[in-house]
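Welcome! Here is a short tour of how the parts of one protein chain meet. Take a moment with the picture first, then read on.

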Amino acid sequence: MGCPQGSCSGPALWNLVTNEILQELWQENIAIQALANDFVIVSQAPTKIKIENQIHVAIEKFIKWANKNKFQISTGKTQYILFSKLTRLPRFRWQGEPIQRKHTIKYLGLLIDDKLNWNAHIRNLSTKSFTL
């Protein structure tokens, strides 16, 4: 069941399965990206309501694909970051569970903060360099 991690055929089989969701037609202002088993849904909208609706549609599409392929998504690791000056923050849910908003997220080894000033990443690198 599944693809054994570290197997020779694992990456090719994973690519075959994930290609389906990556090639899906997404509504305007929605994109999906993946590296290995990390997926990112990116959305842009001018209002709280529009971004909530767009993300809701994208999440439903992703859940349908995950269920079809019998993937379990770790809702505890699912989070979002908002690059916006909206005064009323959007709220997102994954199958009824609220998705936690973060001011800084780690993605592919980079710490990305919601102000896009890279301070968190630079601080992290600085701390690592002094402890090594």
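## Where the two domains meet

Between domain 1 and domain 2 there is 1 salt bridge. Its partners are Asp114 and Arg101, whose closest N and O atoms sit 3.6 Å apart. For residue pairs in polar contact, both at pLDDT 80 or more, the count between the two domains is 0. A salt bridge can be listed here without a polar contact because the salt-bridge cut-off is 4 Å, while a polar contact needs N or O atoms within 3.5 Å.

Let's step back to the whole chain, keeping in mind that this is a predicted model. The chain is split into these two domains:

| Domain | Residues | Residues in the contact |
|---|---|---|
| Domain 1 | 10–101 | 10 residues |
| Domain 2 | 103–131 | 9 residues |

The C-alpha centres of the two domains are 23 Å apart. Together, domain 1 and domain 2 bury about 790 Å² between them, and 70% of that lies on carbon and sulfur atoms. Which three residues supply more than any other three of the area that domain 1 buries against domain 2? They are Ile81, Phe83 and Arg101, with 54%. Arg101 is also the salt-bridge partner of Asp114.

Now look at the side of domain 1 that touches domain 2. Strands β1 (30–35) and β2 (38–43) each give at least two residues to this side. The largest share, 3 residues, comes from β1. By type, the residues of this side are 6 nonpolar, 2 polar and 2 charged.

Definitions and conventions. Residues numbered from 1 in each chain as written. Predicted model: local features only at pLDDT ≥ 70, side-chain atom pairs only at ≥ 80, totals over all residues. Heavy atoms only, no water. Domains from an automatic or database assignment. Contact = heavy atoms within 4.5 Å. Buried area = accessible area lost by both parts, 1.4 Å probe. Salt bridge = Lys/Arg side-chain N within 4 Å of Asp/Glu carboxyl O. Polar contact = N/O pair within 3.5 Å; in protein donor to acceptor, adjacent residues only side chain to side chain. Helix = DSSP H or I, 4+ residues; strand = E, 2+ residues; numbered from the N terminus. Nonpolar A, V, L, I, M, F, W, Y, C, P; charged D, E, K, R; others polar.
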